[in-house]
Amino acid sequence: MTTPTIAGIEQYPGIEGAHILSAEQFVVDELPVLFGQADELHGLFVEDRRELALRHVGRHLFNLFYEPSTRTRVSFGKAALNMGMGVEFTEDAKTFSSAAKGETLEDTVKVLGEEYGFDAIVLRYHEEGGAKRAARVSQVPIINAGDGAGEHPTQSLLDAYTIHQQHGRLDNLNVVMGGDLAKGRTVRSLAQLLAKFDGNKITFVSTPELQMSEDVLEVLRQHGVKYDETDEVVDALEGADVVYWTRLQKERHASDVAANDASFILDPDTIIKLPQHAQILHPLPRVDEISELLDSDPRAQYFRQAGNGLYLRMALLDNILAA
Ligand code: NCD
């Protein structure tokens with residue numbers, strides 16, 4: 001089998017196929033190509049939806065979700081529909097698929113790809129490593145849409161796309177990441193992606209029990225990325241280019257973990273030192289860690305960021321189907 005060529009994405013070491021499993025796979029120099037494709041597909045969607053809908057007629061996507069999702073599942077589904085693909089899905093697969101009867105992830109994936117002919121499977125799984133397990137047995141591309149507290153690589157791509165739109169670069173940025181860094185898979189993927197670019201500095205803001213895990217810090221050290229850890233929100237935002245905030249991952253902690261206290265809520269008072277050129281991002285869902293008072297601030301870009309996910313995922317599917 002030849003190495004698949006998805007723009008900006010290398011094959012995952014040791015696993016054949018055009019799978020997207022980890023932010024490790026992203027190739028720094030090629031990401032602008034992928035972003036350009038997302039821009040083009042966005043343009044086509046605006047100009048001529050009917051033409052765009054002829055692009056992948058007869059191809060089919062399966063959304064296999066073992067955990068709740070709004071944006072990731074719907075944007076992949078809509079991306080496929082926009083390009084003429086058919087979409088089938090299992091929502092809450094733990095309950096509504098044969099997983100409830102004890103079937104393994106591997107058996108489910110084999111049938112969907114090999115036997116039923118879906119062209120790609122978007123998989124959200126409740127345990128770390130789920131996407132890699134699926135990819136090892138799958139004849140068709142597996143896209144990791146979040147594996148427990150592991151990674152969420154396509155989210156980090158749309159985050160990077162949004163950062164690139166604002167700053168025109170992904171290097172030499174002062175990035176502040178806050179909230180639940182211990183269990184948030186989006187910050188884990190984004191930190192690893194930003195580590196591949198030169199000159200980025202990351203400030204992690206959280207309570208001590210929600211700090212970034214050692215495995216990601218080790219990746220940052222290997223790439224020579226400068227990072228700090230603090231619980232002082234107001235001061236951390238001084239000089240930031242990008243603020244990336246996240247919710248407490250309640251479902252992944254023991255029930256006694258303390259919720260972030262009020263000092264971790266971004267609101268007009270806590271962002272007083274944030275520069276005007278900065279952007280505030282959040283993967284969503286937001287719970288209460290960003291005040292709605294910030295929604296009208298031009299720096300608050302989390303809804304546009306979610307919108308970018310649609311076009312970036314169109315570009316990903318377009319590439320995967322061509323691989
Ligand atoms: C995130 C996720 O599922 O990891 N949501 C998303 O995909 N946009 C973030 C979260 O659930 O907090």
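Which pocket does the ligand sit in? The ligand occupies the largest pocket. The model is predicted. This briefing covers the ligand site, then three single residues.

**Ligand shell**

- Eleven positions need checking in the viewer: Thr-72, Arg-124, His-152, Gln-155, Arg-185, Thr-186, Arg-247, Gln-249, Pro-283, Leu-284 and Pro-285 are the residues around the ligand.
- By class, the shell holds three nonpolar, five polar and three charged residues.
- Among the shell residues are the neighbours Pro-283, Leu-284 and Pro-285.
- The arginines Arg-124, Arg-185 and Arg-247 are also part of the shell.

**Polar contacts to the ligand**

- Arg-185 uses its side chain: one of its N or O atoms is 2.7 Å from an oxygen atom of the ligand.
- Gln-249 also uses its side chain, with a polar atom 2.8 Å from a ligand oxygen.
- Pro-283 contributes through its backbone, where a polar atom is 2.9 Å from a nitrogen atom of the ligand.
- On its own, the ligand has 320 Å² of accessible area, and the protein covers 93% of this.

**Pro-285**

- Pro-285 is one of the residues around the ligand.
- Its place is the loop between strand E9 (279-281) and helix H11 (302-322).
- Is Pro-285 buried, partly exposed or exposed? Pro-285 has a relative accessibility of 39%, so it counts as partly exposed.
- From Pro-285 to His-126 the C-alpha to C-alpha distance is 17 Å, and the two are 159 residues apart in sequence.

**His-167**

- His-167 belongs to helix H7, which covers residues 153-167.
- Its relative accessible area is 15%, under the 20% cut-off, so His-167 is buried.
- Which backbone oxygen lies 3.1 Å from a polar side-chain atom of His-167? That oxygen belongs to Asp-241.

**Ser-97**

- Ser-97 sits in the loop that runs between helix H4 (93-96) and helix H5 (105-115).
- Ser-97 is buried because its relative accessible area, 15%, is under 20%.
- A polar atom of the Ser-97 side chain lies 2.6 Å from the backbone oxygen of Ala-93.

**To recap**

- The ligand is in the largest pocket, and the protein covers 93% of its accessible area.
- Side-chain atoms of Arg-185 and Gln-249 approach ligand oxygens, while a backbone atom of Pro-283 pairs with a ligand nitrogen.
- His-167 and Ser-97 are buried, whereas Pro-285 is partly exposed.

Conventions:
Residues are numbered from 1 along each chain as its sequence is written. This is a predicted model: local features need pLDDT of at least 70, side-chain atom pairs count only at pLDDT 80 or more; totals for chains, interfaces and linings use all residues. Side-chain values use heavy atoms; hydrogens and water are left out. A residue is near a molecule or strand if one of its heavy atoms lies within 4 Å of it. A polar contact is a pair of N or O atoms within 3.5 Å; within protein, one must be able to donate a hydrogen and the other to accept it, and residues adjacent in sequence count only if both atoms are side-chain atoms. Accessible areas come from the Shrake-Rupley method with a 1.4 Å probe; for residues, only the protein chains shown count as cover. On a 1 Å grid over the protein atoms alone, a cavity is a set of points where a 1.4 Å probe fits but cannot get out, and a pocket is an open set with protein on both sides within 12 Å along at least five of seven lines; lining residues have an atom within 4 Å of a point. A molecule sits in a cavity or pocket if more than half of its atoms lie within 2 Å of its grid points. Ala, Val, Leu, Ile, Met, Phe, Trp, Tyr, Cys and Pro count as nonpolar, Asp, Glu, Lys and Arg as charged, and the others, Gly among them, as polar. Helices (H or I, at least four residues) and strands (E, at least two) are DSSP runs, numbered from the N terminus. Buried means under 20% relative accessible area, exposed over 50%, partly exposed in between (1.4 Å probe, protein chains only).
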